[in-house]
Amino acid sequence: MRTTLSVTLILVVAALLPQPAHAQRPRVDPPTAQTPPAGASQTPAKPGPKDTEVWEPVPPVVTPGPANSDPPSDAIVLFDGKNLDQWVSTKDKSPAGWSVANGIVTVVKSAGNIETKRSFRNYQLHLEWRIPTEVTGTDQARGNSGLFLAATGPGDGGYELQILDSFNNKTYVNGQAASIYKQGIPLANAMRKPGDWQVYDVVWTAPTFNADGTVKTPAYVTAFHNGVLVQNHFELKGETLYIGKPEYKKYDTAPIKLQAHGDPSPPISFRNIWVRELK
C-alpha cells in the first residue's frame with residue numbers, strides 16, 4: 001500500500017513540473033494550397049501564336065506588271081519608248097538631246113549627260129540597256145556609259161553603277177559592267193553578248209548626313225545584272241571618282257543620271273526605265 005501511494009505521488013509531482021522546451025512546441029499542420037498574396041510572383045502564362053502576330057499597319061497593295069520587267073502600279077515611268085519628257089540635260093537643264101526612235105533612246109555623245117527632272121532619295125530602279133552589235137574598241141573604250149544612282153553635281157559627279165561591254169573585254173575589275181565604279185567589284189560577270197538587251201535591277205539606299213555635313217549612315221547598293229546578284233548591299237565609301245579616293249558630300253535628294261561617255265565606240269541604247277520610291 002505504501003509503495004502504491006509513493007508511485008502515485010511521484011507521477012503527480014512529475015505532471016506539475018515544467019515541461020522541456022521541445023514538448024511545448026505547437027503542432028504544425030501540413031501545408032495546404034493557398035492563393036498567393038497580392039504582389040507575389042506568378043507563374044508566366046504559356047505563350048501562344050497570337051503573342052507574335054502583327055496586324056497593323058497593313059502594307060499598301062501594289063499590282064505587279066504583266067512581266068517582272070514591266071512597271072508595277074506604283075512606279076514612276078522614266079522612259080516608255082515615246083519621249084524624254086522626264087529628262088533634262090545635266091549641264092544646263094535644257095530638254096534632253098538624245099535620240100528616241102523605235103521605242104528606244106540612244107546616246108548622243110555631243111549632247112552630254114542627261115538626268116531626271118525629279119529628284120529621289122531611296123528607290124528601286126529597273127533599266128534596260130544594249131551594246132550595239134557593231135561595237136568597237138577595248139578596255140574602257142568599248143560601250144562605256146554609266147548609271148548614276150544619285151547625280152550630285154555637273155559632269156560625272158555622284159554615285160555610278162558602271163555600264164560597259166564586258167563580254168570578252170578585259171578591263172580593271174572595279175570598272176567592268178555592274179561595278180560600283182572604282183569601289184565595288186561585281187560578284188559575277190553576267191554580261192550578254194553585244195546586240196542583246198542587258199537588265200539592271202537596283203535598290204539604292206541614299207546616305208544620310210548630320211547637320212554639320214558628316215556622314216550619319218553610308219550609301220548602300222544592291223544590284224542584279226540579267227537576274228544575277230552582282231552587288232549585295234554594298235557599302236559605298238563616298239562618291240565614285242575617276243581619280244582619287246572617294247568621299248561624301250552632303251545632299252538631300254538627287255536626280256538619276258545617264259552618262260554620255262566620250263569613248264570612240266558606237267553609242268549604246270536604253271529602254272524601259274522605271275523607278276519605285278521607297279519610304
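1. Let's start with one residue and work outwards. Leaving out residues up to four places away in sequence, Asp263 touches Lys109, Gln140, Ala141, Arg142, Gly143 and Asn144. Please keep in mind as you look around that this is a predicted model. Asp263 sits in the loop between β14 and β15, and its relative accessible area is 6%, so Asp263 is buried.

2. Asp263 also helps us find the cavity. The structure holds 1 cavity of 30 Å³ or more, and the largest cavity contains about 40 Å³ of space. Its lining is made up of Val107, Lys109, Gly143, Asn144, Ser145, Gln259, Asp263, Ser265, Pro266, Pro267 and Ile268. By character, that lining divides into 4 nonpolar, 5 polar and 2 charged residues. Lys109, Gly143 and Asn144 are worth a second look, since these lining residues are also among those that Asp263 touches.

3. The largest pocket is a separate feature to find on the model. About 270 Å³ of space lies in it. There are 16 lining residues, and Asp156, Glu160, Tyr181, Tyr242 and Gln259 are the closest to the centre of the pocket. Strand β8 gives the largest share of the lining, with 3 residues. The pocket lining divides into 5 nonpolar, 8 polar and 3 charged residues. Gln259 is one to mark in your viewer: this residue is in the lining of the largest cavity and is also one of those closest to the centre of the largest pocket.

4. Now a step back to the whole chain. The protein chain has 1 helix and 15 strands. Of its 279 residues, buried ones make up 40%. Take the contacts between residues at least 6 apart in sequence: 66% of them join residues at least 24 apart.

5. Which residues touch the most other members of the largest nonpolar core? They are Trp98, Leu147, Trp204 and Phe270, in a core of 49 residues. At least two core residues come from each of β1, β6 (123-130), β7 (145-151), β8 (158-163), β9 (197-205), β12 (220-225), β13 and β15. Strand β6 supplies the largest share, 4 residues. As general background, nonpolar side chains in soluble globular proteins tend to be buried together.

6. Phe270 is a good place from which to explore that core. Neighbours within four places in sequence aside, Phe270 is in contact with Phe79, Trp98, Ile104, Val105, Val107, Leu127, Glu128, Trp129, Ser145, Ile163, Trp197 and Leu258. Trp98 appears in this list and is itself one of the residues touching the most other core members. Val107 and Ser145, also contacts of Phe270, belong to the lining of the largest cavity.

7. Next come the charged pairs. Side chains of opposite charge can pair when their charged atoms come close. Searching the whole structure finds 8 salt bridges. One of them joins Arg276 and Asp74, whose closest N and O atoms are 2.8 Å apart. This pair links distant parts of the chain, 202 residues apart: Arg276 is in strand β15 (residues 269-277), while Asp74 is in the loop between α1 (2-16) and β1 (76-79). Arg276 is buried, at 18% relative accessible area, whereas Asp74 counts as partly exposed at 34%.

8. Another salt bridge is formed by Glu115 and Lys93, with the closest N and O atoms 3.1 Å apart. Because Glu115 lies in strand β5 (residues 114-116) and Lys93 in the loop between β2 (87-89) and β3 (99-101), the pair ties together parts that are 22 residues apart in sequence. Glu115 is buried, with a relative accessible area of 5%.

9. Strand β5 also holds Thr116, which is buried at 2% relative accessible area. Residues up to four places away in sequence not counted, Thr116 touches Leu78, Gln86, Trp87, Pro255 and Ile256. Thr116 and Thr90 are 26 residues apart along the chain, and their C-alpha atoms are separated by 8.8 Å.

10. A last pair to look up is Glu239 with Lys249, a salt bridge whose closest N and O atoms are 4.0 Å apart. Both partners lie in the loop between β13 (228-235) and β14 (257-258), 10 residues apart. Is each partner buried or partly exposed? Glu239 is buried, at 3% relative accessibility, and Lys249 is partly exposed, at 45%.

Key:
Residues numbered from 1 in each chain as written. Predicted model: local features only at pLDDT ≥ 70, side-chain atom pairs only at ≥ 80, totals over all residues. Heavy atoms only, no water. Salt bridge = Lys/Arg side-chain N within 4 Å of Asp/Glu carboxyl O. Buried < 20%, exposed > 50% of the residue type's maximum accessible area, 1.4 Å probe, protein only. Core = buried A, V, L, I, M, F, W, Y, C linked by side-chain atoms within 4.5 Å. Contact = heavy atoms within 4.5 Å. 1 Å grid on protein atoms, 1.4 Å probe; cavity = no way out; pocket = protein on both sides within 12 Å on 5 of 7 lines; lining within 4 Å. Points joined across faces, edges and corners; volume = space filled by probe spheres on them. Nonpolar A, V, L, I, M, F, W, Y, C, P; charged D, E, K, R; others polar.
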